[in-house]
Amino acid sequence: MNRIIPVFFVVFSLCSCGEDRTYQYEEKTQHNHWVYDVMLDEYLWADRLGDYTPDWKSFFAAPSSFLSTLVAKSGHSDVWSYVEIDTLVADIHERGQFNHIDSYGMDYVLMTDPTGQTTKQVLRLMTVYPNSPAEAAGLRRNDFITSLDGYRISSSNMSRLKSGGSHSLEVTHIAVDEAENFFYWSDTAAVALGASGYVEDEAFPIYNIMYIEGMKVGYVMCTRLVEHAAERGTGRGNGAEYREKLDEIMAYMRSGGVDEFVLDLRLCNYGTLAMAQRLASYVVNPNCRDGAFARTFRNEAHAAENVVLPYDLSLGNIGKNRVYIITSAYTQGAAEWLIHSLRCSMGEENVITIGLPTKGQNVMTEEVGQNFHVCLFPVVAYVADGEGNYNYGSIAPTINVNEQNYVSMGEYGTLDDILYYTAIADMLGIGQDDRENAENDDNMTE
């Protein structure tokens, strides 16, 4: 009996303190109650949440944690729904080691000395973004960083190059001794890297028309299928500068009379359905434009909002029967909707993908509102092709090529870029075996 009394006394004290603190509960949980209400209404799999009621303690969690709890109850592998909090600085659209909000503007991979001479680790630069601290320092794609502030590169210090203050780097390159058939470090240079900052990468940073073996080959790199540049420090913005840029580029391709077209989506990891529709309307086989481009499938409560998107016949199609598309593990979302829908319209044999399998996002997130400093982006719809098929995930490449396995990756949009070169070789009828034999001297094992 003596043990029970103290416990009872504590419970009684809490319940009879006399002061109503309900307002504190409401103030500290109102954002998650709003998230819960929105998810019950807008979420694609809202029917799976109908039988689930969060306990009162879960409403005190951080919005991202609370959303994860709801997503886990959906019965689907939803890694796409997210929240943004305006009091925090984050970038949901990171690509590897690069983010827009605060970075040096480069992406890289950690690897063991590829020459085989040592067991030391190095960083290989995969991408250097325009107007970034990395570009200002003179760094380029395919540079190798061998030391950071006088210390060897390792898994424990590589993260220091994601963001922060200035650094001193040691940069080198690989050369091939063709006579002796071995790799070696050709040169070493000291590089001063300035402090990290906001980096707004261009949606269409590179495009050109090359004359190759009597062909005019058009090339366009797209890093994101959006209409406008983001406002500094946010994922949102106004205007239509990127849509206008796309129109300008495709007019250039059309007036240039390209015979073949290569669309580089290896860095394209987000975008809108409207911009995917616009780009597809330019490149789809002109004989296939009368069909639908894509369809959306929302939950039962919002079925009236489903749309069937046609190809836009008002746009000047470039008039090609096939298209080459470069992909990577970063390729996702709007880029995948575009590839899947083009394959439905044109046939897989006429949509030739080169690179690595894509991420696998067959659903669309949508900003459904902002309350209490929280902006919610839940999955709201499947994105299907024109025939209504949304049962797809990662898109396997027609020609599988891992650019990291080669000594020379080359600058994007040049024949030194192994993925672009592979597209050209396929156009010229050079088979996979012939390509591998021709490139054997440049092949590198990590």
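Two strands are taken to pair if DSSP finds at least two bridges between them. The model described here is predicted. By this criterion, strand S8 (residues 206-212) and strand S9 pair in the antiparallel sense, over 7 bridges. Asn208 stands opposite Tyr219 in S9. The two strands form a hairpin, with 2 residues between them. Glu213 lies in the turn and has a positive phi of about 50°.

Strand S9 spans residues 215-221 and is mostly covered. Of its 7 residues, 6 are buried. Beyond the hairpin, S9 also pairs with strand S10 (residues 260-264). Here the sense is parallel, over 5 bridges. Val217 of this pairing stands opposite Glu260 in S10.

S10 in turn pairs with strand S13, again in the parallel sense. This pairing runs over 3 bridges. Leu263 stands opposite Ile325 in S13. Strand S13 (residues 323-327) also pairs with strand S14 (residues 351-355), in the parallel sense and over 5 bridges. Ile325 stands opposite Thr353 in S14. Ile325 thus recurs in both registers, facing Leu263 and Thr353.

The burial of S13 was examined next. S13 is mostly covered, with 5 of its 5 residues buried. In a regular strand, side chains alternate between the two faces of the sheet. In S13, Val323, Ile325 and Thr327 point one way. Tyr324 and Ile326 point the other way. Residues of both sets are buried.

Together these strands belong to an open sheet of 6 strands. The order is S8-S9-S10-S13-S14-S19, and the pairing is mixed. S8 and strand S19 (399-400) stand at the edges. Each has a single partner strand, so one side of each is left without a neighbour in the sheet.

Ser196 is placed in the loop between strand S7 (182-193) and S8. Its relative accessibility is 18%. Buried means under 20%, so Ser196 counts as buried. The side chain of Ser196 makes a polar contact of 2.7 Å with the side chain of Asp102. The Ser196 side chain also reaches the backbone nitrogen of Gly164, at 2.8 Å.

The largest pocket holds about 1,000 Å³ of space. It is lined by 37 residues. Closest to its centre are Tyr82, His93, Tyr270, Gly271 and Thr365. Several elements each supply at least two residues of the lining: strand S1 (82-85), helix H6 (273-283), helix H7 (334-346) and strand S15 (363-365). By residue class, the lining divides into 16 nonpolar, 12 polar and 9 charged residues.

A search of the whole structure finds 14 aromatic pairs. One of them joins Tyr36 and Phe59 in an edge-to-face arrangement. Their rings lie 6.0 Å apart centre to centre, with 80° between the planes. The pair links distant parts of the chain, 23 residues apart. Tyr36 belongs to helix H2 (residues 22-42), whereas Phe59 sits in the loop between H2 and helix H3 (63-72). Both Tyr36 and Phe59 are buried.

Tyr82 and Phe377 form a stacked aromatic pair. The distance is 4.6 Å centre to centre, and the planes are 5° apart. This pair also links distant parts of the chain, with the two positions 295 residues apart in numbering. Tyr82 lies in strand S1, and Phe377 lies in strand S17 (residues 374-377). Both Tyr82 and Phe377 are buried. Tyr82 is also among the residues closest to the centre of the largest pocket. Elsewhere, Tyr43, Trp45, Phe297, Tyr382 and Tyr390 form one aromatic cluster.

How values were computed
Residues numbered from 1 in each chain as written. Predicted model: local features only at pLDDT ≥ 70, side-chain atom pairs only at ≥ 80, totals over all residues. Heavy atoms only, no water. Buried < 20%, exposed > 50% of the residue type's maximum accessible area, 1.4 Å probe, protein only. Helix = DSSP H or I, 4+ residues; strand = E, 2+ residues; numbered from the N terminus. 1 Å grid on protein atoms, 1.4 Å probe; cavity = no way out; pocket = protein on both sides within 12 Å on 5 of 7 lines; lining within 4 Å. Points joined across faces, edges and corners; volume = space filled by probe spheres on them. Nonpolar A, V, L, I, M, F, W, Y, C, P; charged D, E, K, R; others polar. Phe/Tyr/Trp six-rings, centres within 6.5 Å; stacked < 30°, edge-to-face > 60°. Polar contact = N/O pair within 3.5 Å; in protein donor to acceptor, adjacent residues only side chain to side chain.
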